[in-house]
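Visitor: I've got a new structure open and no idea where to begin. Can we walk through it together?

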Amino acid sequence: MLNQFTIAAIVATSFLVLFALSELIYRWAKPETEITRKMVHIVAGIVCLSFPFIFLSIWPVAALGVAFLAIMFISKKTGYLPSIHNVKRKTQGSYLYPLSIFLCFWAYLTQNNILYYFVPISILSVSDPLAAFVGRLAPYGKYTFWGETKTMAGSLAFFISAIIVSYFCFNYFKDTQPTAWLTIGIISLTTSIAEALGRRGEDNLWIPLAAIAVLYGINSL
């Protein structure tokens, strides 16, 4: 059986391959940076969904988070990875993303409930980039909070997809308690609000924390 940190090294290598692919796409196809950035966001999130099945403790996840932060910081300072960093807007999303993974994994371990990890990370991986894509393709109902403009179309896409994503998570892990649909609805609403209010990539943190807070609050009742 592979050592936990050996598995972490394999996962880290997969992230490096993902970054390399995003650079190739960026240099050859020349899409907007927002596209390659969201591509990395989605694929990295899908990879991270494997963590509860391959890691038994928080430490390999923490090590991966530190490595990810180091890569983001160094590449930003040195001008590497323009497929991720070359955006006009100011954003801290790349730095908050690994923090969210760590906090969700910690919540999963402490609460002994995989939904504390799967629901927030699935919403962050699917609903957040979907809201951005829909907002760009159908910029209807623009609104501004704290200097950042978003759209009602994007927020609606986030809300609907969050319901679908949450339902599949609850259904897959066979959580059929009577409060399941109530929990799904509140999670979808609160994470939608967190996405709408988030600025400079802060929604990468607020979205998962909102989902965890709802799960904890309802399960505590």
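**A hairpin to begin with**

Guide: Let's start with two strands. Strand 1 covers residues 142-145 and strand 2 covers residues 148-151. They run antiparallel and are joined by 4 bridges. Keep in mind that this is a predicted model.

Visitor: Noted. How many residues sit between strand 1 and strand 2 in the hairpin?

Guide: There are 2 residues between them. Trp146 is in that turn, and it has a positive phi of about 50°.

Visitor: And what stands opposite Phe145?

Guide: Glu148, in strand 2.

Visitor: OK, new topic. Which residues have the most contacts inside the largest nonpolar core?

Guide: Phe51, Phe55 and Tyr117. That core has 51 residues.

Visitor: Which elements give two or more residues to it?

Guide: Helices 1, 2, 4, 6, 7, 8, 9 and 10 do. Helix 7 gives the most, with 9 residues.

Visitor: Why would nonpolar residues gather like that?

Guide: As a general tendency, nonpolar side chains in soluble globular proteins are buried together.

Visitor: Back to Phe55. What is it in contact with, beyond its neighbours within four places in sequence?

Guide: Gln4, Ile7, Ala8 and Val11 are on the list. So are Pro60, Val61, Leu64 and Phe105.

Visitor: Now helix 8 and helix 9. At what angle do they pack?

Guide: About 145°, with the axes 9 Å apart. The crossing is right-handed.

Visitor: Which residues make that contact?

Guide: From helix 8, they include Phe158, Phe159, Ile163 and Phe170. From helix 9, they include Trp181, Ile184, Ile187 and Leu189. By class, the contact has 12 nonpolar, 7 polar and 1 charged residues.

Visitor: Let's try single residues. His41: buried or exposed?

Guide: His41 counts as buried, because its relative accessibility is 9% and the cut-off is under 20%. His41 is in helix 2.

Visitor: What does His41 touch, not counting residues up to four places away in sequence?

Guide: Tyr97, Leu124, Ser125, Asp128, Pro129 and Asn204.

Visitor: You mentioned a positive phi in the turn. Where is Lys30, which has one too?

Guide: Lys30 lies in the loop between helix 1 and helix 2. Its phi is near 55°, a positive value in a residue other than glycine. Lys30 counts as exposed, because its relative accessibility is 65%.

Visitor: And Leu81? What is its phi?

Guide: Leu81 has a positive phi of about 55°, although it is not a glycine. It is found in the loop between helix 4 and helix 5. Leu81 is buried, with a relative accessible area of 11%.

Visitor: Next, Tyr95. Where does it lie?

Guide: Tyr95 lies in helix 6. At 24% relative accessibility, it counts as partly exposed.

Visitor: What is Tyr95 in contact with, leaving aside neighbours within four places in sequence?

Guide: Leu69, Met72, Phe73 and Lys76. As for Lys77, it is 18 residues from Tyr95 in sequence. In space they are 13 Å apart, C-alpha to C-alpha.

Visitor: Last one. Where is the place of Ala20?

Guide: Ala20 is in helix 1, which covers residues 4-28. Ala20 counts as partly exposed, because its relative accessibility is 41%.

Visitor: What separates the C-alpha atoms of Ala20 and Val134?

Guide: A distance of 26 Å. Along the chain, Ala20 and Val134 are 114 residues apart.

Terms used:
Residues are numbered from 1 along each chain as its sequence is written. This is a predicted model: local features need pLDDT of at least 70, side-chain atom pairs count only at pLDDT 80 or more; totals for chains, interfaces and linings use all residues. Side-chain values use heavy atoms; hydrogens and water are left out. Buried means under 20% relative accessible area, exposed over 50%, partly exposed in between (1.4 Å probe, protein chains only). A nonpolar core is a set of buried Ala, Val, Leu, Ile, Met, Phe, Trp, Tyr and Cys residues joined through side-chain atoms within 4.5 Å. Contact means heavy atoms within 4.5 Å. Axes are lines fitted to C-alpha atoms, for helices over the stretch in contact, and angles run from 0 to 180 degrees between N-to-C directions. A crossing is left-handed if the near helix is turned anticlockwise from the far one by less than a right angle, and right-handed if clockwise. Ala, Val, Leu, Ile, Met, Phe, Trp, Tyr, Cys and Pro count as nonpolar, Asp, Glu, Lys and Arg as charged, and the others, Gly among them, as polar. Two strands pair if DSSP finds at least two bridges between them.
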